[in-house]
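Colleague: Could you pick one part of this model and go through it closely for me? I'd like to know how it is put together and what packs around it.

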Amino acid sequence: MPLALRDLQAAFAAHIMGADHADLVAAVAGDTIPAAARLSVYRHHVFESLGTALAATFPTVQALVGPDFFRGLARAFIGHALPAQPVLTEYGADFPAFIAGYESARDLPYLADVARLDWALNLAFHAGSGDRLQAADLLAVPAEHLPSLSIALAAGAVLISSRYPLDRIWETSQPGAASETVDLNSGASNLLVLRRPDDAAFVSLGAGEAAFMAALTAGMSLEWAAGAAFQADPAFELSTSFARLLALGAFAALQ
Amino acid sequence: MNPVAGIGLRSPHLAAVGRERPATGFLEIHAENCLAETPALQAVERLRADYAFSVHAVGLSLGSADGLDTAHLARVAALVKRLEPAWVSDHLSWSVSGGRYFNDLLPLPYTEEALEVVVRNVGRLQDALGRQVSIENPSCYLGFADSTLSEPAFLSELVRRSGCGLLLDPNNIFVTAHNLRLDPRDWLDGLPGPAITEYHLAGHATNDADGEPILIDDHGSKVSNGVWALFAEVVKRFGARPTLIEWDTDIPPLSVLLDEAARAAGMIETVVVAGGQDAARAA
């Protein structure tokens with residue numbers, strides 16, 4: 001009795017993920033090339049092509065660990081979680097968390113944060129540019145309403161905070177960068193990832209600015225966000241920092 | 001239909017094509033690469049004024065017994081509406097099972113049950129897009145013992161029942177025929193020629209499968225001599241169609257793709273003109 005198509009596809013899928021299935025092997029027409037060797041062409045392609053997709057989305061992770069280590073890491077992740085849909089630039093949201101728990105990467109404690117940065121840059125690149133807040137928009141808001149105003153971050157904009165100097169690690173991992181030693185204990189980093197007209201990039205924020213953006217991300221009003229920023233950095237200057245962030249296009253237009 | 005050859009537009013060439021606007025018949029994009037609001041999609045939109053477009057999907061999984069992914073279908077439909085391409089296509093294969101996407105063109109058994117599944121899914125796709133789509137013959141690395149139809153007979157019946165077009169890939173015929181011990185010229189017999197809307201051409205690699213050579217459709221080299229010969233036979237039998245050069249791994253400079261497309265256009269012209277002269281002599 002032949003397998004129903006749905007069962008055949010489920011068996012094929014399970015075989016690709018490593019579960020041998022006698023009914024499936026029997027269903028494949030055999031000749032001088034055994035069914036298992038024919039099936040392995042597909043298994044190989046699934047893992048290789050998804051590994052290539054992950055390398056494209058997480059280029060800094062790959063640059064740090066090298067292609068061989070990355071291939072093993074990617075294979076482990078793919079075995080753990082296949083894509084749920086066919087747009088490969090949207091595959092890998094769980095990769096940073098997977099890296100954090102990956103035994104063989106335990107001596108690279110910053111690697112998961114690097115993956116978070118790669119993923120944020122990928123998301124920002126694929127986010128629409130959207131309408132940004134302009135200084136003129138704020139002039140239209142009555143002054144007494146400004147303190148209670150909530151401002152959302154622009155599409156794709158996100159704050160990535162790490163206890164490691166992520167910006168330095170990222171810079172020294174770029175193609176063509178001179179090899180340099182980064183002191184992992186040289187301090188924490190707060191990076192604001194942004195979609196620019198033709199690409200995605202990040203800027204480094206001070207502790208006050210980072211607290212300000214984190215508070216806005218959490219939905220706090222301008223007044224509360226400014227308070228959080230002063231708490232994190234008593235030297236925080238609201239007007240200077242706000243003007244800088246506004247010029248960067250960090251905020252979405254008011255709703 | 002005028003003989004015309006185009007190239008698959010890949011991200012490494014996007015800037016050069018935008019800048020140089022090379023003379024080529026048409027451009028093809030992969031639907032799944034153009035579903036987000038990226039600078040790349042904006043660049044593609046700017047090229048629409050100068051080129052005809054083909055939208056080639058790789059992830060609709062038209063052979064899935066589970067049916068189509070509604071969310072993905074809606075995104076592809078929105079892209080097609082936006083780009084208004086001359087052609088839309090995907091493959092005779094499946095890539096989704098149990099909600100997991102395998103990123104490969106996995107093979108179908110050619111049975112009445114599978115035919116009904118593909119006819120239903122293609123019908124749903126054509127309804128969602130409000131237009132005909134073309135279905136491409138896949139490269140196969142295995143066949144199923146329970147298949148009751150040959151691949152070309154399956155495709156012919158799919159065309160008859162769904163009203164879809166055929167995207168004929170001579171490289172895939174060559175690869176499948178080698179791997180499954182078929183004669184590629186026999187494979188062409190009985191295909192519904194008028195349903196063919198487009199040809200694809202690409203290179204393949206030769207790998208080892210337990211000591212036997214197996215051909216892999218990797219789109220990573222020039223079109224092989226054997227495939228050019230088969231392409232000439234295809235054009236002789238079915239006539240000229242828009243023909244695409246695809247290259248997806250180890251992508252070379254743009255000029256290499258353009259040269260391959262020019263070679264395809266030249267071959268079409270030679271075969272069609274020679275065929276015309278044969279017909280004139282016969283009359």
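Modeller: One term before we start: two strands count as paired here if DSSP finds at least two bridges between them. Keep in mind too that this is a predicted model.

Let's take the sheet of chain A. Three strands make up an open sheet, ordered E1-E2-E3 in chain A, with antiparallel pairing. The edges are E1(A), residues 158–162, and E3(A), residues 200–204; each has a single partner strand, so one side of each has no neighbour in the sheet. From one strand to the next, the twist averages 30 degrees. Helix H7(A), residues 111–126, packs on this sheet and touches E1, E2 and E3 of chain A. Its direction makes about 20 degrees with that of E2(A). Helix H10(A) lies across E1 and E2 of chain A, and runs at about 130 degrees to E1(A).

Now for the strand pairs. E1(A) and E2(A) run antiparallel and are joined by five bridges, with Ser162(A) standing opposite Ser189(A) in E2(A). On to the other pair: E2(A), residues 189–195, is matched with E3(A) over five bridges, again in the antiparallel sense. Here Arg195(A) sits opposite Ala200(A) of E3(A), while Val193(A) has Phe202(A) of E3(A) as its bridge partner. A hairpin through four residues takes the chain from E2(A) to E3(A).

How covered is E2(A)? Mostly: seven of its seven residues are buried. Ser189(A), Leu191(A), Val193(A) and Arg195(A) point one way from E2(A), whereas Asn190(A), Leu192(A) and Leu194(A) point the other way. So Arg195(A), the residue facing Ala200(A), is among the buried ones, because at least 20 other C-beta atoms within 10 Å is what counts as buried.

Step back along the chain and you meet Val182(A), in the loop between helix H9(A), residues 166–172, and E2(A). Val182(A) has 17 other C-beta atoms within 10 Å, which means partly exposed. Leaving out neighbours within four places in sequence, Val182(A) is in contact with Pro165(A), Arg168(A), Ile169(A) and Thr172(A). Between the C-alpha atoms of Val182(A) and Leu166(A) there are 9.7 Å, and the two are 16 residues apart along the chain.

What about the helices around the sheet? H10(A), residues 207–217, also helps to cover the buried residues of H11(A), as does H12(A), residues 238–247. In H11(A), residues 222–232, the buried residues are Leu222(A), Ala225(A), Ala226(A), Ala228(A) and Ala229(A). Those residues lie on the same side of H11(A), because they cover an arc of only 160 degrees around the axis.

H7(A), for its part, leads us to the other chain. The contact between the chains takes 40 residues from chain A and 39 residues from chain B. H1, H3 and H7 of chain A each supply at least two residues of the side of chain A that touches chain B. The largest share of that side, ten residues, comes from H3(A).

As for the wider setting, the domain assignment of chain A gives domain 1 as 1–108 and domain 2 as 129–255. Taken over C-alpha atoms, the centres of these two domains of chain A are 37 Å apart.

Terms used
Residues are numbered from 1 along each chain as its sequence is written. Chains are lettered from A and ligands numbered from 1 in the order in which they are written. This is a predicted model: local features need pLDDT of at least 70, side-chain atom pairs count only at pLDDT 80 or more; totals for chains, interfaces and linings use all residues. A residue is buried if 20 or more other C-beta atoms lie within 10 Å of its own, exposed if 12 or fewer, and partly exposed in between; C-beta atoms are placed from the backbone. The arc is that of the directions from the helix axis to the C-beta atoms. Two residues are in contact if their C-beta atoms, placed from the backbone, lie within 7 Å. Axes are lines fitted to C-alpha atoms, for helices over the stretch in contact, and angles run from 0 to 180 degrees between N-to-C directions. Domain bounds come from an automatic or database domain assignment.
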